[in-house]
Amino acid sequence: MEKIYKNFRILVAEDYEKVSSMAADIIAKQVSSKITSVLGLATGSTPVGAYQDLARLNKLGVVDFEKVTTFNLDEYYPINKKNNQSYDYFMKDNLFNHINIAPGNTFIPNGEAADAAKECLEYESRIESAGGIDLQLLGIGLNGHIGFNEPADIFPQITHHVKLDDSTIKANSRFFDNANDVPKHALTMGVGTIMRSAQILLLISGAGKAEIAQKVIFGDITPKVPGTALQLHRSVTVILDKPAAEKVTPML
Ligand code: PGA
């Protein structure tokens, strides 16, 4: 199913596999139409399937990443890049090691930086120098966060250092041996950084995300639910699987 609702193009897919293949197709089309595309990338469980499909398309010669530049949304802070829970490790493991991208063209906020504030400013200007992001891939947190922009009183404008919400630490503890091992801070693009990308591709999967999916698309725009800022972006494609779309479909 495909519907336009305000600024959102909403696609409801049968299941997670279909969400992933549709997302990979959209990203591959972007790269084919502009070989020097600047992609914004995300971590978490949601984009893993899309990354596998992109690696397959790359091996088949359907998409070429040689001249592509990528900027990831966020990274834990502080964290050693060799830690298998760092997003640096995640991106190599799930995507970069499987495609023909130049390692020097992949950017992730540096979780090893001595000066977090300086790293954030430099990251933001690296994005600007690259000409801005053509297509930003996003997941959504159960608390509505995009990147690590946690519920707050304002929408942060640029890449910054954040303290993670207890709910995020709890949600991400599934990847660690225990909740105490989850870093308490992160470096993340701001909501403003995300909003400055030309296009956004938001993936939402699973019944657990049904409520937040409805809030992001139809709820009041508030920094208490950072993803609601996307209602003000000019070009957002949302792909949901049926369980995630349960509360969205009836409102379309
Ligand atoms: P998930 O995380 O894809 O692992 O659900 C999404 C997010 O927290 O942004």
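**Starting point.** Helices are DSSP runs of at least four residues, numbered from the N terminus. I wrote that down before looking at helix α3, which covers residues 87-94. I also reminded myself that this is a predicted model.

**A pair inside one helix.** I looked up K92 and found that K92 forms a salt bridge with D88. Their closest N and O atoms are 2.6 Å apart. How far apart are K92 and D88 in helix α3? They are 4 residues apart, so about one helical turn separates them. I then checked how covered each partner is. D88 counts as buried because its relative accessibility, 11%, is under the 20% cut-off. K92 has 39% and counts as partly exposed.

**The whole chain.** Next I stepped back to the full protein chain, which has 7 helices and 11 strands. Its C-alpha trace spans about 50 × 45 × 35 Å along the principal axes. I wondered what radius of gyration a compact globule with 252 residues would have. The answer is near 18 Å, and the protein chain has 17 Å, which agrees. Buried residues make up 54% of the 252. I also looked at contacts between residues at least 6 apart in sequence, and 79% of these join residues at least 24 apart.

**Surface and charges.** The chain exposes about 11,200 Å², and carbon and sulfur atoms supply 53% of that area. I noted 25 positive and 29 negative side chains. The centres of the two sets lie 3 Å apart.

**More salt bridges.** How many salt bridges does a search of the whole structure find? It finds 10. One of my look-ups was D134 with K34, where the closest N and O atoms are 2.9 Å apart. This pair links distant parts of the chain, 100 residues apart. D134 sits in the loop between α4 and β7, while K34 sits in the loop between α1 and β3. D134 is buried at 13% relative accessible area, whereas K34 is partly exposed at 34%.

I then turned to D153, which forms a salt bridge with K224 at 2.6 Å between the closest N and O atoms. D153 lies in the loop between β7 and β8 and K224 in the loop between α7 and β11, so the pair ties together parts 71 residues apart in sequence. Is D153 buried or exposed? At 63% relative accessibility, D153 counts as exposed, and K224, at 47%, counts as partly exposed.

**Last look-up.** I finished with a group: K118, E119, E122 and R126 are joined into one network by salt bridges that share partners.

Notes:
Residues numbered from 1 in each chain as written. Predicted model: local features only at pLDDT ≥ 70, side-chain atom pairs only at ≥ 80, totals over all residues. Heavy atoms only, no water. Helix = DSSP H or I, 4+ residues; strand = E, 2+ residues; numbered from the N terminus. Rg over C-alpha atoms; globule rule 2.2 N^0.38 Å. Buried < 20%, exposed > 50% of the residue type's maximum accessible area, 1.4 Å probe, protein only. Contact = heavy atoms within 4.5 Å. Areas by Shrake-Rupley, 256 points an atom, 1.4 Å probe, with all protein chains shown as cover. Lys, Arg positive; Asp, Glu negative; His and termini not counted. Charge placed at Lys NZ, Arg CZ, Asp CG, Glu CD. Salt bridge = Lys/Arg side-chain N within 4 Å of Asp/Glu carboxyl O.
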